[in-house]
Amino acid sequence: MKTVKNIIAFTLFSVFCSIVVAQEKFPDGTLIPEWFTQNTPTDITKLGKSYHITDYGVVNDSTILQTEKIQAVIDLAAQNGGGVVIIPKGTFLTASLFFKPKTHLHLEKDAVLKGSDDIGDFPVVETRLEGQNLNYFPALVNADKVDGFTISGEGTLNGNGLRYWKSFWKRRAVNPQCTNLEELRPRLLFVSNSNDVQISGIRLINSPFWTTHFYKCTNVKLLNLYIYSPYEPVKAPSTDAIDIDACSNVLIKNCYMSVNDDAIALKGGKGPWADQLPENGGNYNIIIEDCEFGFCHGVLTFGSESIHNRNIILRRNIVSKANRLLWLKMRPDTPQNYEYVLIEDIKGDAKSFLYIKPWTQFFDLKGREDIPVTYARHITMRNVTLDCEVFFNVDDGKDQYILSDFVFENLNITTQNDNVNKSLIKNFILRNVMINGKNIN
């Protein structure tokens, strides 16, 4: 009888848990799809024939550039209806690789795809970068219109960025106004116009430029990744860990990120009419959970080229040595709308808890006479324990931006600067906010 009761109790509990999961919602009240909870490891045996690159004339030698031979294996797999390109143990030097429909990449343990540090080895193609479509260099690994694309394994994509980083800082020393694009360098991974993408298990290190960039993709899962570039002794400039650019339904889970720029940056376009251009777009339904962040400029950053971000969740994360937990870049030459954001269950340290200021680098209204108004609203930050230098690092937007409907709840903050100017945010609610042991509600 006791066993039957236990079975009934367990069944009821399971039903209750299912209901709770089913009712979990995004900040705007819409239901979170079950897709976000279904995280199945990539099974390469179900993805078609395996193509080990060393079976096709590619040799384990980190000094020989083998781009054409590796690309030929990818092309062969595509011609035969798809399959998995396997990188075995060893180091293989290459420039840009382009994956085709139904092809995948798997990096075995101790396998390294190493990028060339000579920009002359990379082609110039039409691509997307810094909120615009332009002719520039592709990434080391590229996939465009490759639905179902996966990268898996325990190996490494190594951007080999040191030579690029040194060159960048030399150029900046000569011309402090030089832009990122003027110092020619590739990204590490670029996936565009693709649905149902999963990148899992691998290491992505030492990117010359942005580490991963996803543009106009839907249903993207980034699982169990290690993403790193140094901030000393040579800073790796603009090596954002993850750039999400006009995407929807993105899950970032169980990842480690430490880079010399933003860890996660939401992008989508820039310029005074950016919201009217078809190549641009917003980011919707993004969840970042159970991750660990080392040094970075911003754990979660909106901008600097971004027009609309909605339903963004950052939860259950550990932060260490970050400059900012949440950074809203308010760009005065671009119409922006940042809304329905939830930051919760965070522990660690950062220089700033919340950072909101105008972003004026390379400001250009392109003849527009008025300054587009930017909005940040329905932002909730709760259940956070953080040691920081500045808690409320927010400037008055004057006529440039409007901040409204912020909620701070259950915060335990230790800070050197405990000033909070409540007048800067309309409808600003504080509940159980402890700063240096004092409730400031």
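Hi everyone. A strand, in what I'll show you, is a DSSP run of E with at least two residues, and the numbering of strands starts at the N terminus. Please keep in mind that this is a predicted model.

Let me begin with a histidine. His 104 sits in strand 6, which covers residues 103–107. Is His 104 buried or exposed? It is buried, because its relative accessible area is 6% and anything under 20% counts as buried. The side chain of His 104 has a polar partner in the side chain of Thr 150, at 2.9 Å. If we skip residues up to four places away in sequence, His 104 touches Leu 47, Gly 83, Val 84, Val 85, Phe 99, Gly 148, Phe 149 and Thr 150.

Hold on to Thr 150, as that residue takes us to a pocket. The second largest pocket has a volume of about 310 Å³. There are 15 residues in its lining, and those nearest the centre are Thr 40, Pro 41, Thr 42, Thr 150 and Gln 198. Two elements, strand 14 (195–200) and strand 17 (218–223), give two or more residues to the lining of this second largest pocket. Strand 14 contributes the most, with three residues. By class, the lining of the second largest pocket splits into four nonpolar, seven polar and four charged residues.

Now for the largest pocket. Its volume is about 890 Å³. Which residues lie closest to the centre of the largest pocket? They are Glu 130, Asn 180, Ser 304, Gln 361 and Phe 362, out of 40 lining residues. The elements that supply two or more residues to the lining here are strand 9 (132–136), helix 3 (162–174) and strand 26. Helix 3 has the largest share of that lining, with three residues. As for chemistry, the lining of the largest pocket holds 12 nonpolar, 12 polar and 16 charged residues.

Did you spot Ser 304 among the residues closest to the centre of the largest pocket? Please look at its backbone too. The peptide bond that joins Gly 303 and Ser 304 is cis, with omega about 10 degrees. Ser 304 is found in the loop between strand 25 (300–302) and strand 26 (308–330). There is also a cis bond going into a proline: from Glu 232 to Pro 233, omega is near -5 degrees. Pro 233 is in a loop as well, the one between strand 18 (226–228) and strand 19 (242–245).

While we're on backbone geometry, here are two positive phi values. Asp 290 is a non-glycine residue with phi near 55 degrees. You'll find Asp 290 in the loop between strand 23 (283–289) and strand 24 (292–293), and it is partly exposed, with a relative accessible area of 25%. Asn 383 also has a positive phi, near 55 degrees, without being a glycine. Where is Asn 383 placed? It lies in strand 28, residues 374–394. Asn 383 is partly exposed, at 30% relative accessible area.

Asp 290 comes back in the surroundings of an arginine. Arg 315 lies in strand 26 and is buried, with a relative accessible area of 8%. Its side chain makes a polar contact of 2.9 Å with the side chain of Glu 289. Beyond its neighbours within four places in sequence, Arg 315 is in contact with Glu 24, Ile 287, Ile 288, Glu 289, Asp 290, Glu 344, Asp 345 and Ile 346.

Last stop, the cysteines. How many disulfides does the structure hold? Zero. A disulfide is a covalent bond between the sulfur atoms of two cysteines. Why does Cys 255 have no such bond? The closest cysteine sulfur, in Cys 291, is 4.7 Å from the sulfur of Cys 255, and that is too far for a bond, because the cut-off is 2.5 Å. Cys 255 is buried, with a relative accessible area of 3%. Cys 388 is in no disulfide either, and the nearest cysteine sulfur, in Cys 296, is 14 Å away. Cys 388 is buried too, at 3% relative accessible area.

That's my tour. Thanks for listening!

Conventions
Residues numbered from 1 in each chain as written. Predicted model: local features only at pLDDT ≥ 70, side-chain atom pairs only at ≥ 80, totals over all residues. Heavy atoms only, no water. Helix = DSSP H or I, 4+ residues; strand = E, 2+ residues; numbered from the N terminus. Buried < 20%, exposed > 50% of the residue type's maximum accessible area, 1.4 Å probe, protein only. 1 Å grid on protein atoms, 1.4 Å probe; cavity = no way out; pocket = protein on both sides within 12 Å on 5 of 7 lines; lining within 4 Å. Points joined across faces, edges and corners; volume = space filled by probe spheres on them. Nonpolar A, V, L, I, M, F, W, Y, C, P; charged D, E, K, R; others polar. Polar contact = N/O pair within 3.5 Å; in protein donor to acceptor, adjacent residues only side chain to side chain. Contact = heavy atoms within 4.5 Å.
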